[in-house]
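Reader: I am new to this structure and should be grateful for a close look at a single part, the place where chain B and chain A touch. Please explain each term as it arises.

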Protein chains: 2
Amino acid sequence: MNSSANSTMPIANRTVFFVSDGTGITAETFGHSVLTQFDMKFKQVRLPFIDTLDKAHEAVRKINEAFEKEGARPIVFSTLVKTDLAKVIFASKGMHMDLIQTFVSPLEQELGVKSTHTIGRSHNVADTEEYKNRIEAINFSLAHDDGQSDKNLSTADVILVGVSRSGKTPTSLYLAMQYGIKAANYPLIPEDFERGKLPSCLPAYKHKLFGLSILPERLSEIRNERRPGSKYASLENCRYEVNEAEALMRKEGIRWLSSTAKSIEEISTTILQEIKADVRIY
Amino acid sequence: MNSSANSTMPIANRTVFFVSDGTGITAETFGHSVLTQFDMKFKQVRLPFIDTLDKAHEAVRKINEAFEKEGARPIVFSTLVKTDLAKVIFASKGMHMDLIQTFVSPLEQELGVKSTHTIGRSHNVADTEEYKNRIEAINFSLAHDDGQSDKNLSTADVILVGVSRSGKTPTSLYLAMQYGIKAANYPLIPEDFERGKLPSCLPAYKHKLFGLSILPERLSEIRNERRPGSKYASLENCRYEVNEAEALMRKEGIRWLSSTAKSIEEISTTILQEIKADVRIY
């Protein structure tokens with residue numbers, strides 16, 4: 001749910017609506033992806049759970065109100081599964097782009113089967129195996145955050161290592177939440193560098209290790225936000241730790257990437273490719 | 001990234017590809033949303049970071065290989081920003097559905113401006129204010145998980161309360177990660193029920209409280225996975241705790257929802273509506 005808008009961009013005098021009969025998460029991801037191609041900011045309104053004709057008419061009222069106020073067509077990104085709800089929404093004064101209505105019908109033709117027209121399926125999955133795996137992975141990643149536990153490391157899909165504040169925790173949680181990947185993480189600390197060895201529970205799982213490194217300058221910035229003026233945050237100490245961590249990872253043959261200018265989404269996607277988790281059936 | 005496929009569905013003899021010049025997260029969300037309208041499972045392959053002509057030709061090779069093997073057109077969901085890369089991919093033997101190529105050009109016309117054709121913008125945002133807020137929110141939610149800390153509760157956007165294992169932790173993390181919402185969570189425990197009062201740090205923030213409840217039968221199931229046969233997991237105890245928690249929330253005027261059959265995405269979307277975080281500018 002990101003956008004690359006920054007504070008210097010002009011604000012468009014247009015409201016953007018995300019309309020869905022489910023959570024609206026897909027409509028929003030879809031809309032953001034299209035909107036980020038424009039150097040503008042937009043006022044954005046989420047209208048989730050539009051699953052009755054009454055709610056659809058109420059949504060149309062809001063869209064038309066924005067049209068009257070702004071004198072320009074609101075932009076409407078939607079994922080509407082039911083044709084009757086879609087018809088009501090499409091009659092508004094907005095400019096309509098709908099994911100389901102645009103792509104499901106050509107796919108029905110291609111596959112030679114009818115679609116189910118079931119509402120809210122992408123994010124209404126609390127009873128599926130995949131959803132349970134995601135929740136289990138979140139619990140696993142929390143229990144194995146920051147080297148808290150070395151129990152059950154054999155069931156981890158990946159174990160992230162790196163210096164403190166290199167991005168291990170948010171990446172582990174993202175991998176778990178988004179992909180159901182059981183991601184543990186272990187800090188590399190000065191004691192490890194002095195011994196010149198990985199924490200003792202890790203060598204047995206070397207094939208699961210993946211390193212995050214970071215530019216010392218950026219690391220120092222991040223650590224200074226937490227503990228301003230500390231030795232821990234000093235550029236000199238950050239240089240020492242990053243050098244030692246990279247030397248250790250090189251010596252142990254651990255793959256790593258630099259998290260410096262990367263979002264947790266980009267780091268996670270790269271890790272998925274490395275651990276060959278990019279082919280799935282479901 | 002969910003799908004509602006279950007183990008009884010037929011597996012289609014078709015490979016689905018998600019192709020993107022960025023992380024592929026949008027392409028995958030988009031594709032899943034369309035595919036969940038069909039009662040089939042698909043083999044799914046993620047091809048992220050396709051940002052050069054060489055990589056595009058390599059992607060085409062993989063798509064054509066699947067075509068040769070399966071004798072049917074692979075389904076290709078893509079988000080390709082650069083026209084030259086899109087042209088190469090579209091020449092494959094797959095069936096192509098591209099979010100950007102389909103919707104950006106009508107939007108250029110509507111807005112009367114050209115798009116930027118910048119790659120990977122939705123999830124390549126490590127330097128934006130919004131991204132920093134998300135990372136800060138994740139750290140906040142972790143530090144305030146399960147009543148660990150009552151420091152800085154004044155800066156929380158929402159404080160979830162409910163009995164142990166009602167879904168507070170994954171929901172807090174999802175709100176933080178996806179929306180940059182600072183979500184603390186506090187368990188309601190037997191000591192609170194005996195006193196008939198909320199934990200002492202909470203009444204000052206009553207307007208930020210949001211409750212999760214759950215059917216005792218489901219709660220007992222979840223707890224039995226963690227601590228089989230314990231009093232904690234017994235149906236009798238779960239009934240007691242849920243009744244008491246609901247009575248306490250009713251007495252204190254706290255809004256709540258039942259998490260029983262809901263995914264963390266659905267719970268989070270409902271909470272966003274309640275705390276009026278569904279209108280944003282960026």
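Author: The following account treats the interface of the two chains and then the pocket.

This is a predicted model, in which local features need pLDDT of at least 70 and side-chain atom pairs count only at pLDDT 80 or more, while totals for chains, interfaces and linings use all residues. Residues are numbered from 1 along each chain as its sequence is written, chains are lettered from A and ligands numbered from 1 in the order written, and side-chain values use heavy atoms, with hydrogens and water left out.

In the interface, 94 residues of chain B are in contact with 94 residues of chain A (contact means heavy atoms within 4.5 Å). The size of an interface is often given as the accessible area lost when the parts come together. Here the buried area is about 8900 Å², with 61% given by carbon and sulfur atoms; buried area is the accessible area, taken with a 1.4 Å probe, that two parts lose on being put together, summed over both.

Between chain B and chain A there are 6 salt bridges, a salt bridge being a side-chain nitrogen of Lys or Arg within 4 Å of a carboxyl oxygen of Asp or Glu. Glu110(B) and Arg14(A) form a salt bridge, their closest N and O atoms lying 2.8 Å apart. Helix 4 (residues 99-111) of chain B supplies 10 residues, the largest share of the side of chain B that touches chain A. Helices (H or I, at least four residues) and strands (E, at least two) are DSSP runs, numbered from the N terminus. That side of chain B comprises 44 nonpolar, 28 polar and 22 charged residues. In this classification, Ala, Val, Leu, Ile, Met, Phe, Trp, Tyr, Cys and Pro are nonpolar, Asp, Glu, Lys and Arg are charged, and the others, Gly among them, are polar.

As for the largest pocket, 50 residues line it, and Ile135(A), Asn139(A), Arg165(B), Ile222(B) and Arg226(B) lie nearest its centre. On a 1 Å grid over the protein atoms alone, a pocket is an open set of points where a 1.4 Å probe fits, with protein on both sides within 12 Å along at least five of seven lines, and lining residues have an atom within 4 Å of a point. Helix 5 of chain A gives the most to this lining, with 8 residues. The lining divides into 18 nonpolar, 15 polar and 17 charged residues.
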